[in-house]
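Dear colleague,

Please find below the structure that I was asked to pass on to you. My notes on it follow directly after.

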Amino acid sequence: MNRVTALLSRLCSILVPNSLVGQLVFTFSAGFLALLLFSSIFADHTRQYFFLRNFMADRARRMTDSVLLLETARREERTELLRRLHYRGLQGVLLPGPPELPMPPSEFKAEASQLLRRYLNLQLEEIRAPDLALQRREGEIHTAPSGPALATVHTLRMPTAWEGIKASAYRTLGMRPPKGGIACEVSAAMPLEDGTWVMFTDKLPHLPAVPSFPVPSIILVELFFVAISMLAFWLIARPLRRLAEAADKLGRDLPGTPPLEECGPREVREATRAFNRMQRRIRDFIADRESTLAAVSHDLRTPLTRMRLRVECLDEQTRQQLQRDMSELQQLMDTTIDLARGCSAEEPAPLDMAALLESLEEDRRDMGQNVSIVDPGKLETLAPLRARPLSVKRCLDNVLDNAARYGGRDGSPARVEIDVEDKPDELTVIIRDHGPGIPEEYREKVFQPFYRLEPSRNRNTGGNGLGLAIVRTMTRQHGGDITLDNAPDGGLAVRVSFRRNT
């Protein structure tokens, strides 16, 4: 059961499009196609009923015409005349009295037998009583004729709706349709004016069916409906697509995202209007927060400066401790403000990532750290990345700082490797160390501000817990993200991705 469900889910994922326009067009087109098919099948059943009436009327006309010829001929000439009338499956024989015909084998054939008998009587009436037949046709007499004609349908095969579909499809494709069509065998007996009877047997072993199912018309109408649906739903979904693009851009570049034009259906205009209000409120909130942080930063710098001047009057040991505490406070304040501001003040520009990674490697080596690029050949084909250069450099610097600080093992210096994965829509920088890694339950917590795996607050054993939080904020403003994974052979692999064409 699970395998069948999985197979159906996979089939639906292949057949049903993922986009809103595609799903709407698929649903409406499938429903319209089903409506066309059901309507055509119903019309085909109606057509078969009228075809059966005409078919039985034609059988009756052949037989009554033969009766008229027999009645105009002399008695000794009728046998020869019947022999000459044998054509296209019609055969007749003279009988001294009425024969006993078998009952029809099914309800459908009984109904067809009654229809044939009715037409035989009507046409005999036209031959023998023209005035009465004329009155009946003009509506003056409404009762059905109850003449002596007898009729039984032995075999009657008419093509089903499905056979009509197949035959029309074969003809549309220029192929020969499969054998089928109409097969009929009927027996009818009628009296002549001199009291003798004539019994006819009419056999049609195979008659090609009239191509009635409109497969080409259904295809043309369905294609026209699909084209109209695609245009209509595209016009409806276009404002939603613009809204989604604006929402994505809002998360990466709030100041540079203009208000959306309010257009489209009423519901879409209301959603756009709500989005513009949300955007305006977020922008006002961030502006208020940045101005508040700037004011706090300015107000804190003044007492810190006074404190630095006053500690100069203290003894050497006390002065060094207080200066170290004030430097830590200053760095914590600057880092917190940077986290709050993110990289919104910097304008995007083309960035040579190959040059940036090479400079980071060289700077770290100058600092005595074991940092290397895994495959320098990859850097030769790197296309420029449109991003905020200082923000990208700071992201990678923070990750490299953590790798160099925590990536060692058993007291040995950390060994850090830099690799890249370049895709058309995304550039990923992979920074890997060979340290103890991070347990899975802590990989999300380390992105929280001021959270540190090292429990002490000693600056000599770690930072202030804001480095990874700043990296995540900046990468997401570039349309990317940062993920942490433990390597199979040990160490932590940090993947920092930046979206291209942002």
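Glu261 counts as exposed, because its relative accessibility is 54% and the exposed class begins over 50%. This residue sits in the loop between α7 and α8 (266-311). Not counting residues up to four places away in sequence, Glu261 touches Arg242 and Thr272. The C-alpha atoms of Glu261 and Pro239 are separated by 9.0 Å, although the two residues are 22 apart along the chain. Please keep in mind, here and below, that this is a predicted model.

The chain as a whole

The protein chain has 502 residues, and 35% of them count as buried. Its secondary structure comes to 13 helices and eleven strands. The accessible surface is about 30000 Å², and carbon and sulfur atoms account for 58% of that area. Among contacts between residues at least 6 apart in sequence, 70% join residues that are at least 24 apart.

Salt bridges

How many salt bridges are there in the model? The count comes to 21. One of them joins the side chains of Asp194 and Arg78, with N to O at 2.6 Å. Asp194 lies in the loop between β3 (182-191) and β4 (197-207), whereas Arg78 belongs to helix α3 (residues 78-84), so this pair ties together parts that are 116 residues apart in sequence. Asp194 is partly exposed, with a relative accessible area of 31%. Arg78 counts as buried, at 8% relative accessibility.

Another salt bridge links Arg84 with Glu80, and the closest N and O atoms are 3.4 Å apart. Both residues lie in helix α3, four residues apart, which is about one turn of the helix. Why can residues with this spacing point the same way? An α-helix has 3.6 residues a turn, so residues three or four places apart point the same way. Arg84 is exposed, with a relative accessible area of 61%, while Glu80 counts as partly exposed at 35% relative accessibility.

A further pair is Asp397 and Arg364, which form a salt bridge with the closest N and O atoms 3.0 Å apart. Asp397 lies in helix α12 (residues 389-406) and Arg364 in helix α10, so the pair ties together parts that are 33 residues apart in sequence. Asp397 counts as buried at 19% relative accessibility, because the buried class covers values under 20%. Arg364 also counts as buried, at 4% relative accessibility. In addition, salt bridges that share partners join Asp58, Arg59, Arg62 and Asp202 into one network.

A buried lysine

Which side chain of opposite charge is nearest to Lys109? It is Glu185, at 9.0 Å; Lys109 is buried yet has no salt bridge. A salt bridge requires the side-chain nitrogen to be within 4 Å of a carboxyl oxygen. Lys109 is found in helix α4 (residues 107-128). Leaving aside its neighbours within four places in sequence, Lys109 is in contact with Pro104, Val153, His154, Thr155 and Leu156.

Patches on the surface

Two groups of surface residues should be noted. Asp352, Glu358, Glu362, Asp363, Asp366, Asp375 and Glu380 gather in a patch of negative charge. Of these, Glu362 is found in helix α10 (residues 353-366), the helix that also holds Arg364. The other group is nonpolar: Leu231, Trp234 and Leu235 form a surface patch with about 290 Å² of accessible area together. Leu231 is found in helix α7 (residues 215-252).

A mostly covered helix

Helix α13 (residues 467-477) is mostly covered, since eight of its eleven residues are buried. Which residues of α13 are the buried ones? They are Leu468, Ala469, Ile470, Val471, Arg472, Met474, Thr475 and Gln477. Just after α13, Gly479 takes a positive phi of about 80 degrees.

When you examine the model, you may wish to begin with the salt bridge between Asp194 and Arg78 and then turn to helix α13.

With kind regards

Definitions and conventions: Residues are numbered from 1 along each chain as its sequence is written. Side-chain values use heavy atoms; hydrogens and water are left out. Patches are made of residues with over 30% relative accessible area and no salt bridge: like charges are joined within 9 Å, nonpolar side chains (Val, Leu, Ile, Met, Phe, Trp, Tyr) within 5 Å. Accessible areas come from the Shrake-Rupley method with a 1.4 Å probe; for residues, only the protein chains shown count as cover. Lys and Arg count as positive and Asp and Glu as negative; His and the chain ends are not counted. The place of a charge is taken as NZ of Lys, CZ of Arg, CG of Asp or CD of Glu. Helices (H or I, at least four residues) and strands (E, at least two) are DSSP runs, numbered from the N terminus. Buried means under 20% relative accessible area, exposed over 50%, partly exposed in between (1.4 Å probe, protein chains only). Contact means heavy atoms within 4.5 Å.
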